[in-house]
Amino acid sequence: RSLYCWGGGAQGQLGSGVSGTGALSRVPVRVSGAQLFRAVAVGYLSTCGLTVDGAAYCWGSNKDGRLGTGDTVSASVPVPVSGGLRFQSISAGLLYACGVANDSAAYCWGRNLGQVLGVIGAPIRSLVPVPVTGGLTFSQLRAGTLTTCGVASGASYCWGGNEFGSAGNGSINSPEQPVPAAVVGAAVFSSVKQAAGNDIRESACGLATDGTAFCWGSNPSGQLGTTATLASCELGGTTFGCTGTPTAVSTSAKFLVVEPGREQVCGITTTHTLLCWGENSSGQLGDGTTTNRDTPTAVSGGLRLP
């Protein structure tokens, strides 16, 4: 399965063998090399992928060791992650990446901003994959901006920063969590995902085993999808709602999947309809307006997805 990327490529993150100002591509370009990929994860100025046999490769900026190659040399073509591990899944965050190995152990590498690597006593960065402390067996893992979350051993865990409640530990101002700590609340999640994008006003959503969606963290644009009264947080003179406790999204719909973006979330319901909520200034919710939504709203056109 050949892999194609497009967009900005100044740091080599398209994997096409080209970097610098001429690397931008407005059309898909094939990632260099003979590898066949079954998964890809796009981070900030870097990209990682898994080959069909589970080998991890990364390319792009390596300033913080986020390529996991044991050095800080950037690459415009896929280079193997050190250690020879085979992975079930991989996720690229802001300045780091994580993967779930075939034995379900979690590994992270790159910049340890906010303690996102999940290792007690970890240095400011790791140039190679390091095992997440605790010996948990993960079924799902997602790297974010300052927080990492996943599902392990039948429960949900987060670690790293807790800006505005993104760690889901019930607090909006607790210290950084250097190792996995259980997400509070009675819900049992089948998946937990943080919002994509470079924003410390981070939020996360979890999908409960019964299909109910829960979200927590910051809520400047309604991305938590709730009409509940939340605590007040502030950043740069702007005040917005936030919570460190998973809060049910305000809808009777049940979901098959929820996917957070920077300040918006979309989900596919069990009736295969597409609902979105949160930031909508550029029409990203697809409801025909530019009005932010604090509750799930159907995408226009009556789309039904698989």
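This passage walks through the strands, nonpolar cores, disulfides and salt bridges of a predicted model.

A good place to start is the sheet built from 4 strands, which is open and follows the order S3-S4-S5-S6 with antiparallel pairing. Its edges are strand S3 (37-42) and strand S6 (75-80), each of which pairs on one side only. On average, and with direction ignored, neighbouring strands of this sheet are turned by 20° against each other. Within the sheet, strand S4 (residues 46-51) and strand S5 (residues 56-60) run antiparallel and are joined by 5 bridges. One of the pairings puts Leu 50 opposite Ala 56 of S5, its bridge partner. Further along the chain, strand S7 (residues 87-92) pairs with S8 in the antiparallel sense, again over 5 bridges. Here Ser 89 has Val 100 in S8 as its bridge partner. The connection from S7 to S8 is a hairpin of 3 residues.

Attention now turns to the interior. In soluble globular proteins, nonpolar side chains tend to be buried together. The largest nonpolar core of the model has 18 residues, and the members that touch the most others are Tyr 96, Leu 117, Phe 138 and Leu 141. Two or more residues of this core come from each of strand S8 (96-101), strand S9 (106-111), strand S11 (138-143) and strand S13 (155-160). A separate, second core holds 16 residues, among them Ala 41, Ala 97, Tyr 107 and Trp 109. Leu 117 offers a helpful view of the surroundings in the largest core. Beyond its neighbours within four places in sequence, Leu 117 is in contact with Tyr 96, Cys 108, Trp 109, Gly 110, Arg 111, Asn 112, Ser 126, Val 132 and Trp 159.

Cysteines make up the next part of the picture. A disulfide is a covalent bond between the sulfur atoms of two cysteines. The model has 6 disulfides. When the bonded cysteines of the protein chain are numbered in sequence order, they pair as 1-2, 3-4, 5-6, 7-8, 9-10, 11-12. Cys 5 stands outside this scheme: it is in no disulfide, and the nearest cysteine sulfur, that of Cys 48, is 11 Å away. Cys 5 is nonetheless buried, with a relative accessible area of 10%.

One of the disulfides joins Cys 48 and Cys 58, with sulfur atoms 2.0 Å apart. The link is right-handed, with 105° about the S-S bond. Because Cys 48 lies in strand S4 and Cys 58 in strand S5, the pair ties together parts that are 10 residues apart in sequence. Both ends are out of reach of the surface by the 20% cut-off for burial: Cys 48 has a relative accessibility of 1%, and Cys 58 has a relative accessible area of 0%.

Another disulfide connects Cys 98 and Cys 108, whose sulfur atoms are 2.1 Å apart. This link, too, is right-handed, with 105° about its S-S bond. Cys 98 belongs to strand S8 and Cys 108 to strand S9, so the disulfide ties together parts 10 residues apart in sequence. Cys 98 and Cys 108 are both buried. Cys 149 and Cys 158 are likewise joined, with an S to S distance of 2.0 Å. The torsion about their S-S bond is about 105°, so this disulfide is right-handed. Cys 149 and Cys 158 are buried as well.

Charged residues complete the account. Side chains of opposite charge can pair when their charged atoms come close. The model contains 8 salt bridges. In one of them, the closest N and O atoms of Asp 64 and Arg 111 are 3.8 Å apart. Asp 64 sits in the loop between S5 and S6 and Arg 111 in strand S9, so the pair ties together parts 47 residues apart in sequence. Asp 64 is buried, with a relative accessible area of 7%, whereas Arg 111 is partly exposed at 27%. Arg 66 joins these two residues in a network of salt bridges.

Glu 259 and Lys 193 form another salt bridge, with the closest N and O atoms 3.0 Å apart. The partners come from distant parts of the chain, Glu 259 from strand S20 (residues 255-260) and Lys 193 from strand S15 (residues 189-194), 66 residues apart. Glu 259 is partly exposed, with a relative accessible area of 35%, while Lys 193 counts as buried at 15%.

Key: Residues numbered from 1 in each chain as written. Predicted model: local features only at pLDDT ≥ 70, side-chain atom pairs only at ≥ 80, totals over all residues. Heavy atoms only, no water. Core = buried A, V, L, I, M, F, W, Y, C linked by side-chain atoms within 4.5 Å. Buried < 20%, exposed > 50% of the residue type's maximum accessible area, 1.4 Å probe, protein only. Contact = heavy atoms within 4.5 Å. Pairing = 2+ DSSP bridges. Axes fitted to C-alpha atoms, helices over the stretch in contact; angles between N-to-C directions. Disulfide = S-S within 2.5 Å. Salt bridge = Lys/Arg side-chain N within 4 Å of Asp/Glu carboxyl O.
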